[in-house]
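Grab a pencil and work through the exercises below with the model open beside you. Each task is followed by a solution that goes step by step.

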Amino acid sequence: MSVAVSCPRCGGPVRPPDLMHSESRCAGCGPVSPLHVPEHIGAEIVASVVERIAAAADPPRAPATP
């Protein structure tokens with residue numbers, strides 16, 4: 001799976017840091033923190049995220065009956 005790197009402001013391409021600049025840069029916006037977005041999200045990725053959310057959530061509680 002590859003990852004596309006784009007500007008979070010305009011969505012344009014981002015140049016990585018190099019010898020002259022210590023930060024990533026967008027041609028139109030200047031220095032930015034790049035946004036990493038998977039080019040393809042498959043069913044296995046969605047299932048993994050759902051499992052992580054379920055594991056982090058509190059267990060469901062049954063309502064108390066008098």
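**Exercise 1: the sheet**

Task: work out how many bridges join β2 to β3, and which way the two strands run.

Solution. Start with the pair itself: β2 and β3 (residues 25-26) run antiparallel and are joined by two bridges. That is enough to call them paired, as DSSP has to find at least two bridges between two strands. One of the partners is easy to look up: Val14 has Cys26 of β3 as its bridge partner. Now widen the view: the open sheet has three strands in the order β2-β3-β4, with antiparallel pairing. Its edge strands are β2 (14-15) and β4 (30-31), each pairing on one side only.

A quick note on the ground rules: this is a predicted model, where local features need pLDDT of at least 70 and side-chain atom pairs count only at pLDDT 80 or more, while totals for chains, interfaces and linings use all residues. Residues are numbered from 1 along each chain as its sequence is written, and side-chain values use heavy atoms, leaving out hydrogens and water.

**Exercise 2: the whole chain**

Task: list the elements of the protein chain from the N terminus on.

Solution. Helices (H or I, at least four residues) and strands (E, at least two) are DSSP runs, numbered from the N terminus. The count is one helix and five strands, and they run β-β-β-β-β-α. As for burial (under 20% relative accessible area; exposed is over 50%, partly exposed in between; 1.4 Å probe, protein chains only), buried residues make up 14% of the 66 residues.

**Exercise 3: Cys7**

Task: decide whether Cys7 is buried or exposed, and find what it touches.

Solution. First place it: Cys7 sits in the loop between β1 (3-6) and β2. Its relative accessibility is 2%, so Cys7 counts as buried. Next, check contacts (heavy atoms within 4.5 Å): leaving aside residues up to four places away in sequence, Cys7 touches Gly12, Val14, Cys26, Cys29 and Val32. Finally, the C-alpha atoms of Cys7 and Cys29 are separated by 8.1 Å, with the two residues 22 apart along the chain.

**Exercise 4: the salt bridge**

Task: find which side chains meet in a salt bridge.

Solution. Look for a side-chain nitrogen of Lys or Arg within 4 Å of a carboxyl oxygen of Asp or Glu. The structure holds one such bridge, and it's Asp18 with Arg25 (3.4 Å, N to O). Then compare the partners: Asp18 counts as partly exposed because its relative accessibility is 38%, whereas Arg25, at 11%, counts as buried.

**Exercise 5: the helix**

Task: explain why α1 lies largely in the open.

Solution. Helix α1 covers residues 43-56, Val50 among them. Its 14 residues reach 20 Å from first C-alpha to last, close to the 20 Å expected (1.5 Å times one less than the number of residues). Now count the buried ones: the number is zero out of 14, so α1 lies largely in the open.
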